[in-house]
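Hi everyone, thanks for making time this morning. I'd like to walk you through one structure, step by step, and please keep it open in front of you while I talk.

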Amino acid sequence: MFRSAANPIIRLVFLPIALLFYLQSSGAVLPVLSPIFIVMFMTIMPSRPPMSVILKVIAAMLFISFGIVLFGSVLVDSPTGFLLYCWLLLFWGYSRSHRDPKDIIATLTLVVVVVMVVFSKQMMLPMSGLPILLFEKLVVAMIVTYLGFWLFPGDDQDILPEQGVPQADETQYDVFSVALKATALTVVLMVLIGLGATQTMLIAITISNMIKSPTHRDHKTFSHNKLITTAVGVLFTLPAMLLVTAGAPNFVVFGISLFCGLQLASFAIRRQTSLSIYQLLFVNFTSLTYKIISHPGYDSFSAQAMRFISIAIAIMIGALILSFAQNESVVTRKG
């Protein structure tokens with residue numbers, strides 16, 4: 001409808017943030033999930049998807065909500081069974097994302113596993129209502145995403161694609177790397193829940209997004225770019241935090257959040273970021289914006305400081321996992 005070269009950036013920033021503010025003000029349950037799913041849909045699908053892709057996404061949503069999550073609700077009372085089930089899902093998700101970083105099933109599965117574990121083991125909420133809740137969030141995200149491509153048409157050609165590892169070229173190292181990532185995220189979730197950390201979901205989703213793409217040959221340069229870009233990207237939420245702390249009205253915070261989001265997208269494009277980093281930036285930006293507006297007043301400053309620390313911890317853990325995986329790859333290939 002509104003044609004502009006800036007449309008890909010506008011829809012990626014405006015739609016998730018606008019939906020986030022609306023859901024937060026209306027008192028929705030877990031209002032941050034649909035905006036996060038929108039970010040994932042829009043970064044994985046840089047242009048308006050054809051109807052065949054829409055049908056595949058709907059099938060994936062049904063499978064994840066009423067297959068994966070529903071079966072998890074059956075195993076939730078068995079600690080060992082539930083732990084093994086989550087590990088297998090993570091292994092499967094990372095394996096698919098290694099072959100194709102834009103795999104929608106892998107991307108959604110990795111997020112849903114984190115939500116499922118935190119929902120049942122830390123929040124201690126019944127799993128019976130989670131399948132329909134997740135499906136509702138996914139449907140809202142899919143509808144808003146499709147409307148976004150209609151309102152702001154145009155293909156996103158500024159983000160560098162990532163190359164996967166074809167199944168035929170998969171080596172023993174690739175299998176080991178996937179198993180290491182699944183184990184590492186499982187351990188992180190167990191430790192965070194055991195410590196009663198309030199930022200478990202934010203930390204786990206950040207780590208999961210950092211490590212889901214295949215390990216690059218030029219690992220040091222890739223990891224350095226990912227760390228620097230992600231760390232600087234977090235700073236773009238500071239203006240909104242200061243406004244909320246000062247008691248600014250919601251429409252002002254909303255406007256500043258949109259402005260900072262647009263600047264963040266421009267920063268990412270200038271840095272020539274890859275798909276995984278671009279997605280990570282906006283998942284973090286959306287999550288932190290939600291945390292800011294959900295803690296109004298002076299509590300926002302201390303709460304946001306904890307979130308910055310949480311993101312820093314997540315980045316360091318993700319970097320350690322990637323570094324360890326790369327070191328093991330060298331040993332495996334020499335052997």
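**One salt bridge and what surrounds it**

Let's begin with charges: the count for this model comes to 1 salt bridge. Please keep in mind that this is a predicted model. Which residues form the salt bridge? R96 pairs with D103, and their closest N and O atoms are 2.9 Å apart. The two partners sit in their own surroundings. R96 counts as partly exposed, because its relative accessibility is 25%, and buried would mean under 20%. D103, with a relative accessible area of 11%, is buried.

Stay with D103 for a moment, since this residue has another contact. At the start of helix α5, a side-chain oxygen of D103 comes to within 2.9 Å of the backbone nitrogen of I105.

Now look along α5 itself. This helix covers residues 104-122, which is 19 residues. From first C-alpha to last, α5 reaches 27 Å, close to the 27 Å expected at 1.5 Å a residue. Is it enclosed or open to the outside? Of the 19 residues of α5, 17 are buried, so the helix is largely enclosed by the rest of the structure. After α5 comes M124, which has a positive phi, near 55°.

Let's zoom out to the whole chain. How many helices and how many strands does the chain have? There are 13 helices and 0 strands, so if you read from the N terminus on, you meet α after α, right to the end. The chain has 335 residues, and 53% of them count as buried. Take the contacts between residues at least 6 apart in sequence: 81% of those join residues at least 24 apart. As for the outside, the chain exposes about 14,600 Å², and carbon and sulfur atoms supply 68% of that.

That brings me to the surface. Here you can find a nonpolar patch made of M51, L55, I58, L62, F66, L70, I132 and Y146, with about 720 Å² of accessible area together. Which helices each supply at least two residues of the patch? They are α3, residues 51-75, and α6, residues 130-151. Helix α3 gives the most, with 6 residues. Here is a handy rule to remember: an α-helix has 3.6 residues a turn, so residues three or four places apart point the same way. On the α6 side of the patch you can pick out Y146, which counts as partly exposed because its relative accessibility is 33%.

Let me finish with two residues on the inside. L19 lies in helix α1, residues 7-25, and counts as buried at 12% relative accessibility. Which residues does L19 touch, leaving aside neighbours within four places in sequence? They are S34, P35, I38, V140 and V144. Try finding S34 on your screen: L19 and S34 are 15 residues apart in sequence, and their C-alpha atoms are 8.0 Å apart in space.

The other residue is T289, found in helix α12, residues 275-293. With a relative accessible area of 3%, T289 is buried. Not counting residues up to four places away in sequence, T289 touches I17, L20, F21, T237 and S257.

That's my tour, so please go ahead with your questions!

Terms used
Residues are numbered from 1 along each chain as its sequence is written. This is a predicted model: local features need pLDDT of at least 70, side-chain atom pairs count only at pLDDT 80 or more; totals for chains, interfaces and linings use all residues. Side-chain values use heavy atoms; hydrogens and water are left out. A salt bridge is a side-chain nitrogen of Lys or Arg within 4 Å of a carboxyl oxygen of Asp or Glu. Buried means under 20% relative accessible area, exposed over 50%, partly exposed in between (1.4 Å probe, protein chains only). Helices (H or I, at least four residues) and strands (E, at least two) are DSSP runs, numbered from the N terminus. Contact means heavy atoms within 4.5 Å. Accessible areas come from the Shrake-Rupley method with a 1.4 Å probe; for residues, only the protein chains shown count as cover. Patches are made of residues with over 30% relative accessible area and no salt bridge: like charges are joined within 9 Å, nonpolar side chains (Val, Leu, Ile, Met, Phe, Trp, Tyr) within 5 Å. The expected span of a helix is 1.5 Å times one less than its number of residues. A polar contact is a pair of N or O atoms within 3.5 Å; within protein, one must be able to donate a hydrogen and the other to accept it, and residues adjacent in sequence count only if both atoms are side-chain atoms.
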